[in-house]
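Dear colleague,

I am handing over the structure we spoke about, and below it you will find a summary of what was found in it. Please read the two side by side.

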Amino acid sequence: MKIYTKGGDKGLTSLIGGERVYKTDERVEAYGTVDELTAFTALLADKIAADADMRSHVEMLRRIESRLMTVEALLATGEGGRDKTERLQCDATELEREIDAMQERLPAIDKFTVPGGDERVSLCHVCRTVCRRAERAAVRAAQIYEIDKRATIYLNRLSDYFYLLGRTLAEHFHAGEILWIP
């Protein structure tokens with residue numbers, strides 16, 4: 001089977017369920033942004049994989065990649081496709097446990113964190129900001145179409161996860177957190 005079909009040459013694509021929409025459709029924008037986030041998440045995992053102490057974080061990031069594929073499917077579901085995605089697993093509970101565990105181990109701060117100090121920390125912030133953009137796109141789509149709320153809930157929690165992972169990596173790699181002092 002060829003990778004190209006020429007079906008999108010006129011600016012259309014298919015959603016799960018067969019509905020044809022323009023590639024400018026809010027749902028396509030949302031799942032495309034999540035696809036970008038998935039790629040950045042993979043890059044982050046690759047960047048920390050060589051450190052044996054990061055093994056649990058790498059494993060979590062790999063699970064997140066899989067969940068992001070689920071979020072994409074939830075966002076890409078059109079008319080007649082709900083039955084194909086209703087059994088997909090996309091629960092923010094695991095993220096909440098990870099967020100709570102990281103937050104317990106980190107010192108409290110009362111300032112905003114500025115990205116930087118180490119490329120792995122900065123990459124966490126890239127993931128966080130792309131995640132926020134994906135969430136905004138998903139919310140825009142949900143204002144127009146019936147979008148499974150699991151997608152927006154997961155994205156909302158995930159940006160918090162990336163923020164705390166950035167703080168965790170700053171501490172682990174002795175990068176020192178950069179705090180915003182206005």
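**Fold and cavity**

The chain holds six helices and four strands, and, since you will want to know this before anything else, the model is a predicted one. Followed along the sequence, these elements come in the order β-β-α-α-α-α-β-α-α-β, and the C-alpha atoms occupy a box of roughly 50 × 35 × 35 Å when taken along the principal axes.

Two helix pairs deserve a description, and for such pairs the useful quantities are the angle between the axes and the distance between them. The first pair to consider is helix α1, which covers residues 26-48, with α5, where the axes come within 8 Å and cross at roughly 165°. Because angles over 145 degrees count as roughly antiparallel, α1 is roughly antiparallel to α5. The contact of α1 with α5 is made up, by class, of 18 nonpolar, two polar and eight charged residues, and the crossing of α1 past α5 is left-handed.

The other pair is helix α2, residues 55-75, with α6, whose axes come within 10 Å and cross at roughly 155°, and this angle makes α2 roughly antiparallel to α6. Here too the handedness can be stated, since α2 passes α6 in a left-handed crossing.

As for α6 itself, this helix has 24 residues and spans 34 Å from its first C-alpha to its last, which is close to the 34 Å expected at 1.5 Å a residue. Just after α6, histidine 174 adopts a positive phi of about 55°.

On empty space, a search of the whole structure returns one cavity of 30 Å³ or more, and the volume of the largest cavity is about 50 Å³. Which elements each supply at least two residues of its lining? They are β3 (113-114), α5 (119-144) and α6 (149-172), with α6 giving the most, at three residues. The residues that line the largest cavity are Thr113, Val114, Pro115, Gly116, Val121, His125, Gly166, Arg167, Ala170, Gly176, Glu177 and Ile178. By class, this lining divides into five nonpolar, five polar and two charged residues.

If you open the model with the cavity in view, it may help to begin from α6, which gives the most residues to the lining of the largest cavity and whose axis comes within 10 Å of that of α2, and then to turn to α5, which also supplies at least two lining residues and is crossed by α1 at roughly 165°.

With best regards

Terms used: Residues numbered from 1 in each chain as written. Predicted model: local features only at pLDDT ≥ 70, side-chain atom pairs only at ≥ 80, totals over all residues. Heavy atoms only, no water. 1 Å grid on protein atoms, 1.4 Å probe; cavity = no way out; pocket = protein on both sides within 12 Å on 5 of 7 lines; lining within 4 Å. Points joined across faces, edges and corners; volume = space filled by probe spheres on them. Nonpolar A, V, L, I, M, F, W, Y, C, P; charged D, E, K, R; others polar. Axes fitted to C-alpha atoms, helices over the stretch in contact; angles between N-to-C directions. Parallel < 35°, antiparallel > 145°, perpendicular 65-115°, else oblique. Left-handed = near helix turned anticlockwise from the far one by under 90°. Expected span 1.5 Å × (residues − 1).
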